[in-house]
Amino acid sequence: MIKLSSNLALKSLTAGIIDNSELEKIAIKTFNSATFGTLEVELNEKFKAYENAKSNIQSYVDALESVSQNGEKVIFFIDELDRCRPDFAVEVLEKVKHLFASKNVIFVISYNKSQLSKIISHVYGVENKDALKYLEKFIHIEANLPIVDEISSISSYEQLFDSFVQEFNIDLANQQQKNTSLKNMFTLLCQPKHLNMNSREIERAFSYVSFCFAALPKEKGSSLFEFFLPAAMMKVKNSEIFNEVSGGRFFSTSTNYKWLHDFFKEHYKNSLTPQASNVFYVKQFEEACGIVSMFKMPTDDIIEDKI
């Protein structure tokens, strides 16, 4: 191409004054150095990088297999892949695929299939059906998580309660009866008809409670725990509800949250002070809300902006 264009240009611009054979030599030399030479270097580098990559992958495979002793299984859990940045999610899949050949090594990947297929469609610009086929390259066995029914979810909430009490070192010693009552309150508050809490929101609520405990003498924190926890749960889930009751008063005439009056009248019956036929006041709850309000998570501003 350069030879042809050079000849045409030479004829049109110089009318044969310049010797085109010399120009051809220069053009060919330039073309070789700029294209074929560069391409050769790039290909060599690519092949070299590929060989290095193969060697590195094999090193990883060997290292993973060495972890397995006596045929024991080594299991990696990759959670919520669909929540990652799109290109990163796809990159993770494509990289761990190279490690699938490791003996006795298993990868368990959890994701929202519909969401992940949309991510693949976005990254590669393909139809959703093609994205699902692409996923088949990586997923050898697929299992859908069951929908949790109400009875088993109550059991799950109770387990979460015990787990977080232990994780955050909340001392409820010598308060077995109160602990049982509070667990029941917590479980009911988590239900869809009330606050509808998920595990991440529950963990944040317990984080608030642990902050409150750290800010108070041990005895004071323990005595207010039954008020701290629901206050923290409401602050995490819905700041409008939290603001409604942060003064410690519960109104049966509240338009949106009448259930709060009935719910806490039952659970705080030994602590409430009637102020009117439709209002009761719980001093400890107001105090707990005041302390919970002292603390703030980075995401609180985002939640408040949405509300």
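## Side-chain contacts in a predicted model

At 68% relative accessibility, Asn169 counts as exposed. This is a predicted model. Asn169 sits in the loop that runs between α6 (150-167) and α7 (176-190). Along the chain, Asn169 and Ser210 are 41 residues apart. In space, their C-alpha atoms are separated by 8.0 Å. Ser210 belongs to helix α8, where it is buried.

### Helix α8

Helix α8 covers residues 199-215. It has 17 residues. From its first C-alpha to its last it reaches 25 Å, close to the 24 Å expected at 1.5 Å a residue. Asn198 caps the N-terminal end of α8. The cap places a side-chain oxygen of Asn198 3.1 Å from the backbone nitrogen of Arg200.

Many residues of α8 are buried. Among them are Ile202, Arg204, Ala205 and Phe206. Ser207, Tyr208, Val209 and Phe213 are also buried. Glu201 and Cys212 belong to this buried set too, and each returns below.

### Salt bridges

How many salt bridges does the structure hold? The structure holds 10 salt bridges. Three of them are set out here, with the N to O distance for each.

| Acidic residue | Basic residue | N to O distance |
|---|---|---|
| Asp87 | Arg85 | 2.7 Å |
| Glu201 | Lys237 | 3.2 Å |
| Glu266 | Lys269 | 3.6 Å |

Take Glu201 and Lys237. Their side chains meet in a salt bridge at 3.2 Å. The pair links distant parts of the chain, 36 residues apart. Glu201 is in helix α8, while Lys237 is in helix α9 (residues 218-237). Is Glu201 buried or exposed? Glu201 has 17% relative accessibility, so it counts as buried. Its partner Lys237 is partly exposed, with a relative accessible area of 26%.

Now Asp87 and Arg85. Their side chains also meet in a salt bridge. Asp87 has 42% relative accessibility and counts as partly exposed. Arg85 has 51%, so it counts as exposed.

In the bridge between Glu266 and Lys269, Glu266 is partly exposed, with a relative accessible area of 47%. Lys269 counts as exposed at 52% relative accessibility. Elsewhere, salt bridges that share partners join Glu80, Arg83 and Arg200 into one network. Arg200 appeared above too, since its backbone nitrogen takes part in the Asn198 cap.

### Aromatic rings

The count of aromatic pairs comes to 21. One of these pairs is Phe76 with Phe107, and it is stacked. The ring centres are 5.3 Å apart, with 15° between the planes. Why does this pair tie together separate parts of the sequence? Phe76 lies in strand β1 (residues 74-78) and Phe107 in strand β2 (residues 105-109), so the pair joins parts that are 31 residues apart in sequence. Phe76 counts as partly exposed, at 33% relative accessibility. Phe107 is at 17% and counts as buried.

Tyr268 and Phe285 form another aromatic pair, this one tilted. Their centres lie 6.0 Å apart, and the planes make an angle of 55°. The pair links distant parts of the chain, 17 residues apart. Tyr268 is in the loop between α11 (258-267) and β4 (273-276). Phe285 is in helix α12 (residues 283-292). Both Tyr268 and Phe285 are buried.

Which residues do ring pairs link into a cluster with Tyr268 and Phe285? The cluster also takes in Phe227, Phe250, Trp259, Phe263, Phe264 and Phe280.

A charge can meet a ring as well. Lys235 lies over the face of Phe242, at 5.7 Å from the ring centre.

### Cysteines

The disulfide count comes to 0. Cys212 is in no disulfide. The nearest cysteine sulfur is that of Cys289, 9.7 Å away. The cut-off for a disulfide is a sulfur pair within 2.5 Å. Cys212 is buried, with a relative accessible area of 0%. Cys84, by contrast, counts as partly exposed, at 24% relative accessibility.

### Back to α8

Several threads meet at α8. Asn198 caps its N-terminal end. Glu201 in α8 pairs with Lys237 in α9. Ser210, buried in α8, has its C-alpha 8.0 Å from that of Asn169.

Note on methods. Residues are numbered from 1 along each chain as its sequence is written. This is a predicted model: local features need pLDDT of at least 70, side-chain atom pairs count only at pLDDT 80 or more; totals for chains, interfaces and linings use all residues. Side-chain values use heavy atoms; hydrogens and water are left out. A salt bridge is a side-chain nitrogen of Lys or Arg within 4 Å of a carboxyl oxygen of Asp or Glu. Buried means under 20% relative accessible area, exposed over 50%, partly exposed in between (1.4 Å probe, protein chains only). Helices (H or I, at least four residues) and strands (E, at least two) are DSSP runs, numbered from the N terminus. Rings of Phe, Tyr and Trp (its six-membered ring) pair if their centres lie within 6.5 Å; planes under 30 degrees apart count as stacked, over 60 as edge-to-face and the rest as tilted. A charge sits over a ring if NZ of Lys or CZ of Arg is within 6 Å of the ring centre and within 35 degrees of the ring normal. The expected span of a helix is 1.5 Å times one less than its number of residues. A polar contact is a pair of N or O atoms within 3.5 Å; within protein, one must be able to donate a hydrogen and the other to accept it, and residues adjacent in sequence count only if both atoms are side-chain atoms.
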